[in-house]
Amino acid sequence: MQILVSACLMGVKVRYNGSALELESVWLQRLWQENRVHTFCPEMAAGLPVPRPCAEIIGGNGHDVLAGRAEVRDSEGRSISGEFLLAAGKTLDFCRKNAIVLAVLTENSPSCGSNSIYNGTFKGQKIRGCGVTTALLVQNGIRVFSQNELTEAANFLAELQDN
């Protein structure tokens, strides 16, 4: 079975500030060597540059953005909801083409956060919630874990393989 991993977690410098959040994980390295890991950055797929102004969801979470009740804005005040919706759609398409049922995505991101995101004030405050890409993947049956939940992700994948 194939999994999706945020490109920044695999060392690719695609974050808004041009950095990466490379993980040290024996499990992910094994899957990588078995050609079962697909790296992907939703924002890059949607054409956003690196570096770029940071972005946060204003007025809700990723599910709210998908429903049109909230928006994504960058730190310069521009609405970039369209880019984030495009990013989510491209990620879902990629997952479908590669039969991906599990994703490990970057926590706190307005695209990839699965348990927490920044609250939209650009003051470093987090709230419980998910990003736009995570919301769309979850709505379409793809299980999403953060980089802090690798044990849970590994257990979930093992259960899928046993069935």
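Start by selecting arginine 36 and whatever it touches in this predicted model. Leaving out residues up to four places away in sequence, Arginine 36 touches Met1, Gln2, Ile3, Leu31, Leu157 and Gln161. Now show the ribbon: you'll find arginine 36 in the loop between helix H1 (26-33) and strand S2 (37-40). Is arginine 36 buried or exposed? Its relative accessible area is 12%, and buried means under 20%, so Arginine 36 counts as buried.

Next, hop along to histidine 38, which sits in strand S2. Histidine 38 is buried too, with a relative accessible area of 19%. Which residues does histidine 38 touch, not counting those up to four places away in sequence? Select Gln2, Ile3, Leu4, Val5, Phe94, Asn98 and Ile100 to see them. While you're here, click the C-alpha atoms of histidine 38 and alanine 7: they are 31 residues apart along the chain, yet separated by 8.4 Å.

Keep alanine 7 in view for a moment. Ala7 belongs to a core of 17 residues, and Val5, Trp27 and Leu150 are also among its members. This is the second core, separate from the largest one.

Time to visit that largest nonpolar core, which has 23 residues. Select Val72 and Leu137, the two that touch the most other members. Then colour strand S3 (55-58), H4, strand S5 (100-105) and H5, the elements that give two or more residues to this core. Which element gives the largest share? H4 does, with four residues. As background, nonpolar side chains tend to be buried together in soluble globular proteins.

Zoom in on leucine 137. Skipping its neighbours within four places in sequence, leucine 137 is in contact with Thr91, Leu92, Cys95, Ala103, Leu105, Ile142 and Val144.

For the last stop, show helix H4 (residues 81-97) and helix H5 (residues 132-139) on their own. Their axes are 8 Å apart, and the two helices pack at an angle of about 40 degrees. That angle is why H4 is called oblique to H5. Turn the view and you can follow H4 as it passes H5 in a right-handed crossing. To light up the contact, select these residues:

- from H4: Phe84, Leu85, Ala87, Ala88, Gly89, Thr91, Leu92 and Cys95
- from H5: Val132, Thr133, Leu136 and Leu137

How many residues of this contact are nonpolar, polar and charged? Colour them by type and you'll get nine nonpolar, three polar and no charged.

How values were computed: Residues numbered from 1 in each chain as written. Predicted model: local features only at pLDDT ≥ 70, side-chain atom pairs only at ≥ 80, totals over all residues. Heavy atoms only, no water. Axes fitted to C-alpha atoms, helices over the stretch in contact; angles between N-to-C directions. Parallel < 35°, antiparallel > 145°, perpendicular 65-115°, else oblique. Left-handed = near helix turned anticlockwise from the far one by under 90°. Contact = heavy atoms within 4.5 Å. Nonpolar A, V, L, I, M, F, W, Y, C, P; charged D, E, K, R; others polar. Buried < 20%, exposed > 50% of the residue type's maximum accessible area, 1.4 Å probe, protein only. Core = buried A, V, L, I, M, F, W, Y, C linked by side-chain atoms within 4.5 Å.
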